Amino acid sequence: MRKPRLEGAPVAVVTGGARRLGRHLCEVLAARGYRVVVIYRASADDAESLATEIGEGGGTARALQTDIGVAAEVHEAFDNIAAHEGRVDLLINNVGNYNPQDVTLLDPLVWDATLATNLSGAYYCCFHAITLMPNGGQIISIGMAGLEGIRANRRGADYYVSKTGLLVLTRALASGYATRQIRVNMVSPGQLDNSVDLPPPDLIGLEVPLSRAGTVQDISQAVEYLIDATYVTGANIDVAGGYRL
Ligand SMILES: NC(=O)c1ccc[n+]([C@@H]2O[C@H](COP(=O)([O-])OP(=O)(O)OC[C@H]3O[C@@H](n4cnc5c(N)ncnc54)[C@H](OP(=O)(O)O)[C@@H]3O)[C@@H](O)[C@H]2O)c1
């Protein structure tokens with residue numbers, strides 16, 4: 001049963017919210033009573049259908065087209081949120097583009113695009129969201145690894161650098177904004193069951209000690225824990241079945 005629609009209900013902004021993990025997180029947050037702003041770049045139909053689905057279920061959501069890798073577009077998006085919702089209680093930095101190439105073939109343009117979207121884009125969103133959190137709030141970024149989990153990986157260096165940077169940013173913001181009661185945390189999936197890198201089921205145990213791929217529900221469980229965990233900030237929760245042990 002969804003919570004009733006409330007004027008002044010908390011506001012969650014989810015980047016990359018139209019599809020896959022982001023879509024699931026939007027559904028979970030709407031069911032918790034958040035008014036959800038679904039940031040998308042190209043998936044307009046998916047974003048609109050999600051907003052409709054949430055509305056029909058008694059929740060509140062709207063889609064907002066923004067390329068988060070472009071600083072001016074993010075500024076405009078949060079101006080729009082300030083005008084419509086008036087506040088942000090929770091930002092989920094879910095966008096994370098992964099197009100792995102061997103590091104010896106990595107094109108500088110690809111490097112720039114990955115860093116712009118996965119890291120700079122998340123920072124732009126944090127910067128503007130915080131201005132709409134005068135009475136505290138939360139940021140949860142979807143990462144890939146704790147610093148201790150980083151190992152040499154020839155494929156996807158740009159991606160791993162962006163996600164490591166996101167963790168450094170998470171910790172810095174957690175420290176910097178704690179006195180304003182803004183908590184900043186990260187959840188790091190391992191191999192989700194929709195991953196482009198997923199090994200076949202009979203081999204997954206070689207990579208993932210718990211012998212199965214993760215699900216979007218595994219990730220939202222950790223996100224919901226962080227939402228409720230009022231004494232946790234600066235943390236990264238590995239939700240990866242032991243993938244990086
Ligand atoms: N899937 C996995 O196995 C796995 C494993 C570890 C970590 N993760 C992390 O989990 C998160 C979600 O993964 P996913 O596989 O569900 O993501 P995804 O499908 O690759 O991307 C999610 C959405 O990001 C949006 N996006 C990309 N660039 C954007 C931009 N510049 N501006 C605005 N939106 C942009 C896209 O929106 P449009 O469709 O609207 O363009 C896309 O639908 C990512 O951070 C990823 O790194 C995933």
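**Exercise 1.** In this predicted model, find which residues of H1 and H7 meet, then work out how the two helices are oriented to each other.

*Solution.*
- Start on the H1 side, where Leu21, His24, Leu25, Val28 and Leu29 make the contact.
- Now look across to H7: their partners there are Val216, Gln217, Ile219, Ser220, Val223, Glu224 and Ile227.
- Sort the residues of this contact by class and you get eight nonpolar, three polar and one charged.
- Next, the axes: H1 and H7 (residues 216-228) come within 10 Å and cross at roughly 45°.
- An angle from 35 up to 65 degrees falls in the oblique range, so H1 and H7 are oblique to each other.
- Finally, the hand of this crossing is right-handed.

**Exercise 2.** Do the same for H1 and H2: how do their axes lie, and which residues meet?

*Solution.*
- The axes of H1 and H2 (residues 44-56) come within 11 Å, crossing at roughly 20°.
- Angles under 35 degrees count as roughly parallel, and therefore H1 is roughly parallel to H2.
- The crossing of H1 and H2 is right-handed.
- From H1, Arg23, Cys26, Glu27 and Ala30 reach Asp46, Ser49, Leu50, Glu53 and Ile54 of H2.
- By class, that contact holds four nonpolar, one polar and four charged residues.

**Exercise 3.** What is the volume of the largest pocket, and which residues line it closest to its centre?

*Solution.*
- The volume comes to about 1100 Å³.
- Of its 40 lining residues, Arg20, Asn94, Gly96, Asn97 and Tyr98 are the closest to the centre.
- H1 (20-31), strand S2 (35-40) and helix H5 (157-177) each give the lining at least two residues.
- The lining splits into 16 nonpolar, 15 polar and nine charged residues.

Key
Residues numbered from 1 in each chain as written. Predicted model: local features only at pLDDT ≥ 70, side-chain atom pairs only at ≥ 80, totals over all residues. Heavy atoms only, no water. 1 Å grid on protein atoms, 1.4 Å probe; cavity = no way out; pocket = protein on both sides within 12 Å on 5 of 7 lines; lining within 4 Å. Points joined across faces, edges and corners; volume = space filled by probe spheres on them. Helix = DSSP H or I, 4+ residues; strand = E, 2+ residues; numbered from the N terminus. Nonpolar A, V, L, I, M, F, W, Y, C, P; charged D, E, K, R; others polar. Axes fitted to C-alpha atoms, helices over the stretch in contact; angles between N-to-C directions. Parallel < 35°, antiparallel > 145°, perpendicular 65-115°, else oblique. Left-handed = near helix turned anticlockwise from the far one by under 90°. Contact = heavy atoms within 4.5 Å.
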